[in-house]
Amino acid sequence: MAAKMKLRNPQTMARSPGVTYQQLLDEDSKEVPPVLRLQSPVDLGDADISNERYTSAAWHDLEVKHLWRKVWQFACREEDLPNVGDTHRYDIAGLSFLVVHTETGDYKAYPNACLHRGRMLKEFDGNSSELRCPFHGFCWHLNGELKDVPARWDFPQVKDEDFSLPEIPTATWGGFIFINPDQDCAPFADFIKDMAEQFERWDLTKSYKQSHTAKIMPANWKIAQEAFCEAYHVNGTHPQILKSLGDVNSQVDVWDNCARVITPGWTPSPLLEAQPTQSEVIAATFDLREGDAIPEVPEGADLRQHFAAAARETLRADAPDRVDEYCDAELVDNIDYTVFPNFHPWGAFNRIVYRFRPNGNDHRSCIMECIMLAPFSGERPEPAPIRWLEENEPWSAALGFLGKVFEQDAFNMPKVQQGLETTYKPGVTLAGYQEAKVRWLHHKLTEWVENPAKEET
Ligand SMILES: [Fe+2]
């Protein structure tokens, strides 16, 4: 059984020495919004997490049955389907679904399978006036009603009213389209409510898809996902950014179907033995090397305030309505949200949205994606098409400096997979506070995958 989720007392629980995130917010030059003042630390126990969740094909099969066939999941952006007849293929763990922009302006989703002999209806995204199977030509209207059966005289058993494409639930939020393969699923509002409340101030419908990068990674999808769910690994994996990142000062909050890690920028890690100088902090943030010019900043300036002000000016042209309302923290911190099971939009002006999925039914590889959502003024720019990186192509080929940091994360992934296949220790051990988001993900997996009866009642 999953451990019960208990709220912890932020005043008395074990925390890193040094400044807390809330104390950093006290120094903000602007009014801090209530959403950043929320604290929701939880106690989900301290039991190890079984390795089989990452290494077992049988566990993957249970995930497909109880999770991926049942849960709300992000399929695409609305801007990917701007016109009537636009279709998007969304695949998850060996299953394929078709999202369609219909004549009435709403989105419908269907299993991507012909009702005749089962062939996938569409392999590629595109635009069409009808959904016609390439095998024998059975054809449906965009709204799922049967349109045409070649040589219909030979199918006396096919009745129009019984031969509509089965529809699965869809929903939109923040410019994203979600689907649920389960026709009897719980309401979308239950899935999104915690995050929707907290993102009222950070309306992602106002942003457009500036880039979309995907790559197949050689590890279970949860190994890849969990590499982006805590800042505790920064010390070991990204030591070059410790001088400017309050890794262990991160605040970790957990609600029912949503969690977040906020890692402060422009503040040195408490793990460093010596306090870095101001220019060392700046050089670490901008990834400057010997001989590079260091941006001029008045000596002793509050770096969070200084670089938040600079960010306001950079963003002013694209977000003139919001930029002056946003506090320093919203411009310089890493506000990394997760909605179970695999949707990771960042808050405020940070542009990242991650998604991690199994790669078909191979439980030892996954699809990792990073979408960048950018504010814009005037007409909505065209969304960027997805760019798939080849096996040996680094993330930096698409994402520059951020991609170099991802490469450090990616370097660990197959080694974690191999280590978990090898180890004599039956489970992984998690930190109580800093890795609470990882533990929460597994708490939810326990509910969905190991105790599905509870979820189905
Ligand atoms: Fe990382």
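Reader: How many helices and strands does the secondary structure of the chain come to?

Author: In this predicted model, the secondary structure comes to 13 helices and 22 strands. The radius of gyration of the chain is 24 Å, close to the 23 Å that the globule rule gives for 457 residues, so the chain is as compact as a globular protein of that length. Along the principal axes, the C-alpha atoms fill a box of roughly 85 × 55 × 40 Å, and buried residues make up 38% of the 457 residues.

Reader: Which domains does the domain assignment of the chain give, and how many residues of domain 1 are in contact with domain 2?

Author: The assignment gives domain 1 as 6-66 + 205-456 and domain 2 as 73-176, with 35 Å separating their centres when these are taken over C-alpha atoms. Between them, 13 residues of domain 1 are in contact with 10 residues of domain 2. On the side of domain 1 that touches domain 2, the elements giving two or more residues are S14 and strand S19 (352-359), and S19 gives the most, with 3 residues.

Reader: How should I read the pairing of strands in a sheet, and what is the order of the open sheet of 4 strands?

Author: As a general idea, strands of a sheet pair through backbone hydrogen bonds, and the pairing is either parallel or antiparallel. Here the open sheet of 4 strands has the order S7-S6-S5-S8, with antiparallel pairing, and its edge strands, S7 (107-111) and S8 (126-127), each pair on one side only.

Reader: Which residues are bridge partners within that sheet?

Author: Moving along the order of the strands, S6 (residues 95-101) pairs with S7 in the antiparallel sense over 5 bridges, and one residue pair to look for is Leu 98 with its bridge partner Tyr 110 in S7. S5 and S6 pair over 6 bridges, again in the antiparallel sense, and here the bridge partner of Tyr 90 is Phe 97 in S6. The hairpin of S5 and S6 has 2 residues between the strands, and in this hairpin Ala 93 takes a positive phi near 50 degrees. Finally, strand S5 (residues 86-92) is joined to S8 by 2 bridges, the two strands running antiparallel, and Asp 86 has Asn 127 in S8 as its bridge partner.

Reader: Why is one side of S9 and of S11 left without a neighbour in the sheet?

Author: These strands belong to an open sheet in which 3 strands follow the order S9-S10-S11 with antiparallel pairing. Strand S9 (131-132) and strand S11 (146-148) stand at the edges, each with a single partner strand, so one side of each has no neighbour in the sheet. S9 is joined by 2 bridges to strand S10 (residues 139-140), which runs antiparallel to S9, and the bridge partner of Leu 131 is Trp 140 in S10.

Reader: Turning to a helix, what would a straight helix of 27 residues span, and what does H11 span?

Author: At 1.5 Å a residue, a straight helix of 27 residues would span 39 Å, whereas H11 (residues 396-422) spans only 31 Å between its end C-alpha atoms. If you follow H11 in the structure, there is a bend of about 95 degrees at Leu 402.

Reader: Which residues of H11 are buried, and what do they pack against?

Author: The buried residues of H11 are Ala 398, Leu 399, Phe 406, Met 413 and Gln 417. They pack against helices H3 (52-55) and H6 (221-226), and against strands S14 (207-217), S20 (362-375) and S21 (386-388).

Terms used. Residues numbered from 1 in each chain as written. Predicted model: local features only at pLDDT ≥ 70, side-chain atom pairs only at ≥ 80, totals over all residues. Expected span 1.5 Å × (residues − 1). Bend = angle between axes of the 7 residues up to and from the residue. Buried ≥ 20, exposed ≤ 12 C-beta atoms within 10 Å, placed from the backbone. Contact = placed C-beta atoms within 7 Å. Pairing = 2+ DSSP bridges. Rg over C-alpha atoms; globule rule 2.2 N^0.38 Å. Domains from an automatic or database assignment.
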